[in-house]
Amino acid sequence: METVTHVRPATTATARHLPLDVLATDVLSEESLPRAWRARWLENPRAVVARTEDGSQIRADELEERSAAVAARLASAGLVAGDRLILSSGPSIDMLVAYVAAHRMSLVVVPVNTAYGPTEIRHVVQNTTPRAAIVDDKRRGQLVSEASTEPIVITGCDVRLPTGGGVPTLDVADRDTPALICHTSGTTGAPKGAVLTSGNLLASAESVRLAWRWSPDDRLILALPLFHLHGLGMGINGSLVSGASIGLIPRFSPEAVADAAQAGGTMFFGVPTMYHRLANGPHLPALRRLRLCVSGSAPLAAQLHAQIESGCGQHVLERYGMTETVITISNPYDGERKPGTVGTPLPGVEVRLATDGLGGAGEIELRGPSVFGGYLNNPTATAESFTHDGWFRTGDLGEFDADGYLAIVGRSKELIISGGYNVYPREVEEVIGRHPAVVEAAVAGRPSEEWGESVVAFVVADGLSSDDVIHWAAERLAPYKRPTEVRFVDALPRNDLGKIRRDQLLS
Ligand code: MLC
Ligand code: AMP
């Protein structure tokens, strides 16, 4: 059947997100992240930009000065604008300074999950050929070094490198300057590096700043990891362009979030698993004090939404995003926040659905200033991820309701989301399939109240136990990717072409 598309005009939907006193906006007026950040620092140099649980903090003027000093040390070590820099660290003020320094001197930051092992690290290093890595763990530094075929500078987050060489030019990035490469599988295949420009990141941060009325008075409770776009692109970039302050929580727990709320936090951003844990423990009422609670990265069950509302009065604002597009669709700050929907397009974003010609659900396609330009060294995958007329294909299926709110109703891509982390079935299948006693293996996501989905492996093998399979996977994959359950089967379901029917595994 012929495919037609239903276009939702950006103008009306966008208008819902803008404050009443904002008639029109250019989310790219400040050109790049460093220029927008610097403008905020100059407006209020004494403002506290970030604080940690142990009481340490950094002011705007200190961040400006310290990031310039770190940039000078990186330049002395030979790094120049455009070089790629791996950043793999738990949240800390030093890590924030290093991140800001990298953007100020136009390096391209490559965030790496701190739970990655040798194989995962090798893939990222080989794909991005970084000139330097800033890591908070010696062993991880060693893995990066071993994976690199070129000389590479490895340093801790305090960046204790000698000074005295070249002084880099700072804050000259423009909207087209590559700023971040995040790894994701997109709709198919092995992890690819999505290249986001400073303009992409600024546009997204500015649009959520406006839409969520983010102000210098805000204090964000940030317990997300800082190697994905939720924590980094929304939490850090959004706070810095708003002139707000960030309360860094290195390890999520409901208690730590409640303490931060009691200590003056105004906003909390989390994945549904975090809300599930808050809602099923004694700390939920502490959220009542907050101005705004936002959920994203995976679907927030309508039932959990209701449970939170009845437990602490918060109408959680659910939004939608993706590595390749940053945050694009959101429920409104003012107006109805509808459970089970992700809302309407943010300023500057256009959304359409590729349907089968009958209307209803279809693949979500996006266009806008935060949508990336392509994958690193992969023109084929880049071409496949855009339509012939330039819209990005998300691989998510959506449906609009009568008010123009979008509901995510499924995925056309092969992806399991566990606790907000993406697990690509093929990566896990390949690892299990390499076990000498395994004939074949397939992986699917089992619905889970706490995790959203949990990884289940279906294995054809003789003489293996579940523990053997889990142990084998655990030694080769980050912990969140390993199966939580193994089912031994005689054969895997296949279609006429011999392709595994993942959709039939759990039925
Ligand atoms: C941890 N574990 C997980 C897991 N996280 N297993 C499956 N899925 C996960 N997400 C493992 C641990 O290693 C541990 O293994 C065991 O599960 C229990 O650990 P825990 O202590 O209970 O979990 P915890 O460490 O508290 O982590 C839970 C969590 C974390 C929810 C805080 O998963 C998390 O920070 N998720 C956020 C991910 C995120 O930021 N996604 C954004 C992607 S960007 P063991 O063996 O040690 O017991 C994106 C775009 C967008 O998607 O729109 O935002
Ligand atoms: P990532 O590639 O890690 O950026 O993950 C992006 C994917 O997370 C999207 O393509 C969606 O499948 C999913 N996602 C993000 N936010 C939501 C949400 N609010 N509801 C449902 N799925 C979401």
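**A contact, two ligands and a pocket**

The side chain of asparagine 127 makes a polar contact, meaning a pair of N or O atoms within 3.5 Å, with the side chain of histidine 183, at 3.0 Å; within protein, one atom of such a pair must be able to donate a hydrogen and the other to accept it, and residues adjacent in sequence count only if both atoms are side-chain atoms. This is a predicted model, in which local features need pLDDT of at least 70 and side-chain atom pairs count only at pLDDT 80 or more, while totals for chains, interfaces and linings use all residues. Residues are numbered from 1 along each chain as its sequence is written, ligands are numbered from 1 in the order in which they are written, and side-chain values use heavy atoms, with hydrogens and water left out.

Asparagine 127 lies in helix H5, residues 118–128, where helices are DSSP runs of H or I with at least four residues and strands are runs of E with at least two, numbered from the N terminus. Because its relative accessibility is 17%, asparagine 127 counts as buried (under 20% relative accessible area, with a 1.4 Å probe and protein chains only).

Ligand 1 has 23 residues around it, each with a heavy atom within 4 Å, and Ser297, Arg319, Ser418, Gly420 and Arg482 come nearest. A polar side-chain atom of arginine 319 lies 2.6 Å from an oxygen atom of ligand 1, and a polar side-chain atom of arginine 251 lies 3.0 Å from an oxygen atom of this ligand. Taken alone, ligand 1 exposes 1,000 Å², of which the protein buries 73%.

Arg319 also appears around ligand 2, where Arg319, Thr323, Asp396, Lys413 and Asn422 come nearest among 17 residues. Oxygen atoms of ligand 2 lie 2.6 Å from a backbone N or O atom of threonine 323, 2.6 Å from an N or O atom in the side chain of lysine 413 and 2.8 Å from one in the side chain of asparagine 422. Taken alone, ligand 2 exposes 500 Å², and the protein buries 92% of that. Strand S14 gives the most to the shell around ligand 2, with five residues.

Turning to empty space, the second largest pocket is lined by 25 residues, of which Pro299, Ala301, Ser448, Glu449 and Gly452 lie nearest its centre. A pocket here is an open set of points on a 1 Å grid over the protein atoms alone, where a 1.4 Å probe fits, with protein on both sides within 12 Å along at least five of seven lines, and lining residues have an atom within 4 Å of a point. Helix H11 supplies the largest share of this lining, four residues.

Key. Areas by Shrake-Rupley, 256 points an atom, 1.4 Å probe, with all protein chains shown as cover. Buried < 20%, exposed > 50% of the residue type's maximum accessible area, 1.4 Å probe, protein only.
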